[in-house]
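Visitor: Please pick one part of this model and take me through it closely. I would like the contacts first, then the empty space around them.

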Amino acid sequence: VEQHPRTIAVVAVGDWLPERRVTDAAAVAARTPTRYDHVPLLDPIVPIIRSADLAICHMEVPIGRPGAAVGFVGRAANRRTLFSAPYETAADLRRAGFDRCSTASNHSNDQGLAGIDATLDSLDAAGLTHVGTARSPAEARPSVFDVDGVAVSHLSYARNSNTPWPADSWRLNRLTGPGAAVRDVAAARKAGAELVIVSVHVFVEMQPAPDAEDRGLIEAITRDADVDLVVLHGPHVVQPLEVVNGTPVFWSLGNLVSGMGEPGRGKYGDPRALDGVMAAVRFDEQTDGSFAATADPIMLCQRRTTRVVYPGIAARTWPGLPPGAAEDIEACIARSAPVVAGLR
């Protein structure tokens, strides 16, 4: 039987933050009895998401139980903001075409262990796989899953937490140095993974390039572990795509959906927080059974007024854009093109 080289397409996107402008827009779009519908916010990019063999979201905050409070729901003892996403979020992400979400971030423990459990329960109910937080030690171990005949593993870590870390380390994957990731990648490979993707949520915000500590961390991981793709979250603005030790590294995917970029929000009022990048990576099998990666950064532009996300470069030529959208998209591209080479 002739064996054809295998190819899979992967996309990954930036932070999902259910701030008030987002939940308000989703509430307007919803139809009874659903409280929120986020799919209209993603409609312009849904075809790209659905075209991938594996589409990965980053759920930065816990997802609440049905009917629970949403958005900003209080402050931690250290005055850090606590969030909760609507229960409807998971099903909406699945309808938009996502297959999987990373869940390790500085907000993962905002609602404590009950919030971690609720998040994973809702993702399960929607048919989304997940990694980064866990309900049991077994669930926390690296897993391998099939994507069009290719064995894939996806790992997710947080560099910091706005609230105290869970007492059980397996509840939330923490990355203080390269060791945990290097060990987990080795375990995934031993379990049969042909491709390994690593998501990392870092904590230095609003900078156009990685800081020295994060760079050193990722350089060590890509040097000492057999990793095929690294995507980073947390800065809330886009950072470059770079090949590090032969591995594509998207230093920051920025935000996918948030309420940032609003005047009067201090540093989070920066319009750069409206911009994101979709990591689009094609993996082609080589004659030796390894996979070569071709990585492309796709420009994503969220409009401040409507919170709808557009594929920036492609949408330039679309007829019938809403009033003001073309100008917003051009401003988004102008902000991001000097930072991320090769945007499409």
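Guide: What follows is a close look at Asp110, then at the largest pocket, helix H4 and the largest cavity. The model is predicted: local features need pLDDT of at least 70 and side-chain atom pairs pLDDT 80 or more, whereas totals for chains, interfaces and linings use all residues. Numbering starts from 1 along each chain as its sequence is written, and side-chain values use heavy atoms, with hydrogens and water left out.

Asp110 sits in the loop that joins strand E5 (100-102) to helix H5 (112-126); helices (H or I, at least four residues) and strands (E, at least two) are DSSP runs, numbered from the N terminus. Asp110 is buried, that is, under 20% relative accessible area with a 1.4 Å probe, protein chains only. It has no salt bridge (a side-chain nitrogen of Lys or Arg within 4 Å of a carboxyl oxygen of Asp or Glu). The nearest side chain of opposite charge, that of Arg80, is 8.7 Å away, with Lys and Arg taken as positive, Asp and Glu as negative, and His and the chain ends not counted.

What does the Asp110 side chain reach instead? It comes to 2.9 Å from the backbone nitrogen of Phe83. It also makes a polar contact of 2.7 Å with the side chain of His107 (N or O atoms within 3.5 Å, one able to donate a hydrogen and the other to accept it; sequence neighbours count only if both atoms are side-chain atoms). Leaving out residues up to four places away in sequence, Asp110 touches Pro62, Thr81, Leu82, Phe83 and Thr163, where contact means heavy atoms within 4.5 Å.

Thr81 and Phe83 turn up again at the largest pocket: with Glu19, Arg265 and Tyr268, they are the closest to its centre among 26 lining residues. Its volume is about 540 Å³. Helix H1 (20-29), strand E3 (71-75) and strand E4 (81-84) each give at least two residues to that lining.

E5 and H5, the elements on either side of the Asp110 loop, also meet helix H4. The buried residues of H4 (88-96) are Glu88, Thr89, Ala90, Asp92, Leu93 and Ala96. They pack against E5 and H5, and also against strand E1 (7-16), helix H2 (39-42), helix H3 (46-51) and strand E2 (54-59). Gly97 follows H4, with a positive phi near 120°.

As for enclosed space, the largest cavity is about 60 Å³. Among the residues lining it are Pro208, Arg272, Asp275 and Arg335. On a 1 Å grid over the protein atoms alone, a cavity is where a 1.4 Å probe fits but cannot get out, and a pocket is an open set with protein on both sides within 12 Å along at least five of seven lines; lining residues have an atom within 4 Å of a point. Points are joined across faces, edges and corners, and volume is the space filled by probe spheres set on them.

Technical notes: Buried means under 20% relative accessible area, exposed over 50%, partly exposed in between (1.4 Å probe, protein chains only).
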